[in-house]
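Please examine the structure below, with attention to how a single helix is placed among its neighbours. The discussion then widens to the ligand and the domains.

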Amino acid sequence: MYKAMLYEELPDSRVRCNICQWRCVISPGEFGVCRMYQNRDGVLYNLNYAQTSSVAIDPIEKKPLFHFFPASSALSLGSWGCNFHCQHCQNWEISCPEPGDLEGKSHQILPQTAIDIALSRHCGGIAWTYNEPSIWFEYTLDSARLAKENGLYTVYVTNGYLTPEALDAIGPYLDAWRVDIKGFTTSFYQKLTKIPHWQGILEVAQRAKDKWKMHLEVVTNIIPTMNDDDQQLEGIACWIRDKLGELTPWHVTRFYPSHYLKHLPPTSIATLEHAYDIGKRVGLKFVYTGNTAGNSHENTYCPSCGKLIAERLSYQTRVVGLRGSRCKYCGAELNFRTSETEAKL
Ligand code: SF4
């Protein structure tokens with residue numbers, strides 16, 4: 001149990017949590033929507049500090065991040081709980097626990113231990129992933145600070161619903177914001193996730209880029225009949241182009257039936273190709289299809305000279321055409337972050 005960092009005291013010993021945009025008002029003894037913050041006698045506590053559900057060393061491409069330290073490994077840590085309740089969640093065992101469920105199932109990894117593991121296993125950095133990282137916000141903040149002191153990169157794989165003030169607290173220590181933009185209408189977000197203000201995801205993503213200069217990549221998991229219409233796909237693609245820039249990678253990934261959406265079919269390859277075409281048509285330079293092994297839309301080609309820059313197959317990456325963040329053949333800017341580009345900052 002760990003005292004929460006961002007909350008306000010309210011009358012009658014209630015508190016308002018300001019970590020994510022739910023801004024839960026919590027009475028004594030009660031929990032927030034994520035079930036991992038609890039009001040105990042007027043003080044807000046986080047219940048899963050350093051409590052991991054999942055630990056792995058993953059290729060960074062698995063997040064997916066394709067333009068960020070390609071071919072490096074990331075120590076990947078997940079905890080428990082989520083502030084979304086997505087109908088198609090593939091990690092529902094860890095995202096929907098009751099607080100008591102953690103006992104006996106968690107493995108404690110304190111921030112310094114995480115750093116030691118990452119360094120000893122030659123990881124490029126640490127990614128908080130598998131469940132929503134803001135649900136153990138204080139832990140990720142302490143770890144991110146230490147990671148930067150030790151020369152490691154830091155990554156949030158996030159649904160993007162952090163408050164601006166939480167983002168500003170961790171912004172100085174976070175290098176990459178791998179955010180889901182799941183759809184582009186209020187009705188879709190309410191049906192899939194139950195959150196009240198989905199546009200807040202866009203505002204915070206833009207802030208991560210503009211204010212904190214993070215590297216951004218966007219994922220849209222395309223769910224048949226729910227977000228596969230042209231209006232939503234074009235809306236997302238145009239928003240990325242206009243607010244994050246045409247060089248921002250957009251990953252359109254294949255949905256597989258899971259959780260409460262087992263009745264829907266997997267996304268067809270034709271639908272993924274159509275989403276890819278929409279992204280390219282509106283002017284995005286890097287659109288990738290995901291969960292489709294062997295598809296050539298997982299490779300990076302220079303949008304200027306057309307040459308192969310990075311070849312990918314099942315998380316194996318071969319970088320052949322990069323110099324810093326640019327194409328080594330024609331010099332075009334490709335929006336890559338590597339140890340070479342970071343050394344110049
Ligand atoms: S982090 Fe949890 S308790 Fe805090 S506002 Fe978000 S859902 Fe509510």
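**A helix and its surroundings**

In this predicted model, the buried residues of α7 include Gln232, Leu233 and Ile236, together with Ala237, Ile240 and Leu244. Viewed down the axis of α7, these buried residues fall within an arc of 130°, and they therefore line one face of the helix. The spacing reflects a general property: an α-helix has 3.6 residues a turn, so residues three or four places apart point the same way. On the other side of α7, Asp230, Gln231 and Asp242 are exposed.

The elements that meet the buried residues of α7 are both helical and extended. The helices are α5 (186–192), α6 (199–210) and α8 (269–282), while the strands are β14 (215–222) and β15 (250–254).

As for its dimensions, α7 comprises 15 residues, numbered 230–244. From first C-alpha to last, α7 reaches 20 Å, close to the 21 Å expected at 1.5 Å a residue. Gly245 follows α7 and has a positive phi, near 110°.

The wider architecture comes next. According to the domain assignment, the chain consists of domain 1 (2–46), domain 2 (51–298) and domain 3 (305–345). Between domain 1 and domain 3, the C-alpha centres lie 44 Å apart.

The ligand is surrounded by 13 residues, the closest of which are Cys17, Cys20, Cys24, Gly32 and Cys34. By character, the shell around the ligand divides into nine nonpolar residues, three polar and one charged. Domain 1 (2–46) and domain 2 (51–298) each supply at least three residues to this shell.

Note on methods. Residues numbered from 1 in each chain as written. Predicted model: local features only at pLDDT ≥ 70, side-chain atom pairs only at ≥ 80, totals over all residues. Domains from an automatic or database assignment. Near = placed C-beta within 6 Å. Nonpolar A, V, L, I, M, F, W, Y, C, P; charged D, E, K, R; others polar. Helix = DSSP H or I, 4+ residues; strand = E, 2+ residues; numbered from the N terminus. Expected span 1.5 Å × (residues − 1). Buried ≥ 20, exposed ≤ 12 C-beta atoms within 10 Å, placed from the backbone. Arc of directions from axis to C-beta. Contact = placed C-beta atoms within 7 Å.
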